[in-house]
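Colleague: Please take one part of this structure and walk me through it closely. I am new to this, so keep the steps short.

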Amino acid sequence: MNLAEQMRQFLRRNLNWFLTGGLALLLLQDIFGTHGVLAMRRTQQQAAEIRKEIDQLDAENKKLLDRVKALKTDSSTIERIAREENGLARPGEFIFKNQPRHGEGAGTAPAGDPPAKR
């Protein structure tokens, strides 16, 4: 028997194993490969997260555009901002600002402690 005939017999006997192994490799590539099922699912999840972020940004942009429109056209909004943020008043009005007493205000005393007795 020569070498070519021995190779043919070997291939005939093991053809099923070679086909099974090749199919298994193709399936592994389809599942775990660069463009496989898992990669596609991961990409779809990322796309959904990005769509959600875009929707949030669109809503924020709409709110900002509404505020810009109000600042350009609504006199009550302009007056409210002038009063609250800049401390402005109409002619004849007086603004009184109360300063917190010493020890009061921005959490200087822990909540729940009774005042000291004298």
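Modeller: What follows is a close look at helix H3, and then at what surrounds it.

First, the ground rules. This is a predicted model, in which local features need pLDDT of at least 70 and side-chain atom pairs count only at pLDDT 80 or more, while totals for chains, interfaces and linings use all residues. Residues are numbered from 1 along each chain as its sequence is written, and side-chain values use heavy atoms, with hydrogens and water left out.

Now the setting. The protein chain has three helices and zero strands. Helices (H or I, at least four residues) and strands (E, at least two) are DSSP runs, numbered from the N terminus. Read from that end, the order is α-α-α. Of the 118 residues in the chain, 6% are buried. Buried means under 20% relative accessible area, exposed means over 50%, and partly exposed is in between (1.4 Å probe, protein chains only).

On to H3 itself. The helix covers residues 75-86. That is 12 residues, reaching 16 Å from the first C-alpha to the last. This is close to the 16 Å expected at 1.5 Å a residue; the expected span is 1.5 Å times one less than the number of residues. After the helix comes Gly-87, with a positive phi near 70 degrees.

Which residues of H3 are buried? They are Thr-77, Ile-81 and Ala-82. Down the axis of H3, the buried residues fall within an arc of 135 degrees, so they line one face of the helix. The arc is that of the directions from the helix axis to the C-beta atoms. On the other side of H3, Ser-75 and Glu-84 are exposed.

What covers the buried residues of H3? The cover includes H2. Take Thr-77, which counts as buried because its relative accessibility is 13%. Leaving aside neighbours within four places in sequence, Thr-77 is in contact (heavy atoms within 4.5 Å) with Ala-70 and Leu-71.

Follow Leu-71 next. This residue lies in helix H2. Leu-71 counts as partly exposed, because its relative accessibility is 34%. With neighbours within four places in sequence left aside, Leu-71 is in contact with Thr-77, Ile-78 and Ile-81. Leu-71 and Ile-81 are 10 residues apart in sequence, and their C-alpha atoms are 9.2 Å apart in space.

Stay with H2 for a moment. The structure holds one salt bridge, meaning a side-chain nitrogen of Lys or Arg within 4 Å of a carboxyl oxygen of Asp or Glu. Asp-66 and Lys-62 form it, with their closest N and O atoms 3.3 Å apart. Side chains of opposite charge can pair when their charged atoms come close. Asp-66 and Lys-62 are separated by about one helical turn, because they are four residues apart in helix H2. Asp-66 is partly exposed, at 41% relative accessibility. Lys-62 is exposed, at 51%.

Last, the partner at the start of the chain. Helix H1 (3-32) and helix H2 (37-73) each supply at least two residues of a nonpolar patch. H1 gives the most, with four residues. Leu-25, one of the patch residues, sits in H1. Leu-25 counts as exposed because its relative accessible area is 61%.

Technical notes: Patch = residues over 30% accessible without salt bridge, like charges linked within 9 Å, V, L, I, M, F, W, Y side chains within 5 Å. Areas by Shrake-Rupley, 256 points an atom, 1.4 Å probe, with all protein chains shown as cover.
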